[in-house]
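Reader: I've got a fold open on my screen and I'd like to learn how to read its sheet. Can you walk me through it?

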Amino acid sequence: MKLHPGSAVAALLLAVSLGGTASAEEHVVKMMNANGKGKFMLFEPEFIKANIGDTVKFVPTNKGHNAEMIPDLWPEGAAEFKGDLNQEVVLTIDKPGIYGIKCHPHYPMGMLAMVVAGDPTNKAQLDTYTPPGTAEKRYTALKEQVGQ
Ligand SMILES: [Cu+2]
């Protein structure tokens, strides 16, 4: 059987695009009431290093949580992101930068996560932004990880 030249190109393009899909990683973050180590109301893990094209899946391991963007800590041009309470939601990393994620009900208690993808293009936001209540302690800890 002889392949038409066009189908060989199509097969090659398909192989390239499948290769791209295979290298994209899915990160899973649990939304939890406690981690069993004295930490309450948290994303686990809280700090995620990702690549462009990766996805981050937020799973409602316990009830009463959601995952949504912190608008003041979000890469320019990245799609808006807001999950509903008790719902699994997937964030697609489409721009380089630092993605700040909060749980709306528990943000004042420090329930936040950070995803860093490629260059931290919006790093200046890290210093100008001030989180509410006792979230500052965890925020500062995450901020230090971005610098590494
Ligand atoms: Cu929560």
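Author: Sure. Strands of a sheet pair through backbone hydrogen bonds, either parallel or antiparallel. In this predicted model, β5 and β7 (residues 97-102) run antiparallel and are joined by 2 bridges. If you want a spot to click on, M69 sits opposite I101 in β7.

Reader: What is the order of the strands in the sheet?

Author: Go β3-β8-β7-β5: that's an open sheet of 4 strands with mixed pairing. β3 (47-50) and β5 (68-69) are the edge strands, each pairing on one side only.

Reader: Which way do β3 and β7 run against β8, parallel or antiparallel?

Author: Take them in turn. β3 runs parallel to β8, with 4 bridges between them, and I48 stands opposite V115 there. β7 runs antiparallel to β8, with 6 bridges. V115 turns up again on that side, as the bridge partner of Y99.

Reader: And where do the side chains of β8 point?

Author: In a regular strand the side chains alternate between the two faces of the sheet. Here, L112, M114 and V116 point one way from β8, while A113, V115 and A117 point the other way.

Reader: Why is β8 described as largely enclosed?

Author: Because 6 of its 6 residues are buried, β8 is largely enclosed by the rest of the structure. For a residue to count as buried, 20 or more other C-beta atoms must lie within 10 Å of its own.

Reader: Which helix lies across β8?

Author: That's α3 (residues 135-146), which lies across β3, β7 and β8 (112-117) and runs at about 15° to β8.

Definitions and conventions:
Residues are numbered from 1 along each chain as its sequence is written. This is a predicted model: local features need pLDDT of at least 70, side-chain atom pairs count only at pLDDT 80 or more; totals for chains, interfaces and linings use all residues. Two strands pair if DSSP finds at least two bridges between them. Two residues are in contact if their C-beta atoms, placed from the backbone, lie within 7 Å. Axes are lines fitted to C-alpha atoms, for helices over the stretch in contact, and angles run from 0 to 180 degrees between N-to-C directions. A residue is buried if 20 or more other C-beta atoms lie within 10 Å of its own, exposed if 12 or fewer, and partly exposed in between; C-beta atoms are placed from the backbone.
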